[in-house]
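Open your viewer and get ready to click through a few stops. At each one, select what is named and look around.

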Amino acid sequence: MFVVIRFRVGEAEQAGFGERVRLAVDVLARQKGFVAARVGKNVDDPELLALTLEFENIGSYRRALSPYDVKLAAVPLLSEALDEPTAYEDLPG
């Protein structure tokens, strides 16, 4: 399964935001079931950033959000995301 989390971040704040994203990804990457992560900037709207995460399954993703270090490093950042559904299952085929 994969997660797409979008953020609206002013260009002046993106350097600091990038450091916070790296910290969040580092702590999430240590969780069981983590597969990969990517961060990118929208080509048409430079203030729209996306973090994609891949986990083995929805359970491993939800469990990955529970540890104390994740709550300190990642959850505050994730709470700044645009309010929209984020978790997706791969389509068969």
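Start by selecting S79, which sits in the loop between α4 and β4 (87-88). Helices here are DSSP runs of H or I with at least four residues, strands are runs of E with at least two, and both are numbered from the N terminus. S79 has a relative accessible area of 58%, so it counts as exposed. That label means over 50% relative accessible area, while buried means under 20% and partly exposed is in between (1.4 Å probe, protein chains only). Now add F7 to your selection: S79 and F7 are 72 residues apart in sequence, yet their C-alpha atoms are 9.8 Å apart in space.

A quick word on what you are looking at. This is a predicted model, in which local features need pLDDT of at least 70 and side-chain atom pairs count only at pLDDT 80 or more, while totals for chains, interfaces and linings use all residues. Residues are numbered from 1 along each chain as its sequence is written, and side-chain values use heavy atoms, leaving out hydrogens and water.

Next, zoom out and colour by secondary structure. You should find 4 helices and 4 strands, and from the N terminus on they run β-α-β-β-α-α-α-β. The chain's radius of gyration is 13 Å, close to the 12 Å that the globule rule gives for 93 residues, so the chain is as compact as a globular protein of that length. (The radius is taken over C-alpha atoms, and the rule is 2.2 Å times the number of residues to the power 0.38.) Turn the C-alpha trace around: along its principal axes it spans about 35 × 35 × 20 Å. Of the 93 residues, 31% are buried.

Which residues have the most contacts inside the largest nonpolar core? Select I5, F7, F17, L51, L53, F55 and A74, and you have them; the core has 23 residues. The elements β1 (2-8), α1, β3 (48-55), α2 (58-64), α3 (68-73) and α4 (75-78) each supply at least two residues of it, and α1 gives the largest share, 6 residues. (A nonpolar core is a set of buried Ala, Val, Leu, Ile, Met, Phe, Trp, Tyr and Cys residues joined through side-chain atoms within 4.5 Å.)

Stay with L51 for a moment. Not counting residues up to four places away in sequence, L51 touches V3, V4, I5, F7, V21, V25, R38, V39 and L78. Contact means heavy atoms within 4.5 Å.

Now hop to L28 in helix α1 (residues 14-29). L28 is buried, with a relative accessible area of 1%. Leaving aside neighbours within four places in sequence, L28 is in contact with F34, L53, A64, L65, V70 and A74. Then pick E11, 17 residues from L28 along the chain: the C-alpha atoms of these two are separated by 25 Å.

Your next click is S60, in helix α2. Is S60 buried or exposed? At 5% relative accessibility, S60 counts as buried. With neighbours within four places in sequence left aside, S60 is in contact with K32, G33 and F55.

Last stop: E13, in the loop between β1 and α1. E13 is partly exposed, at 49% relative accessible area. Select E47 too, 34 residues from E13 along the chain, and check the C-alpha atoms of the pair: they are separated by 9.5 Å.
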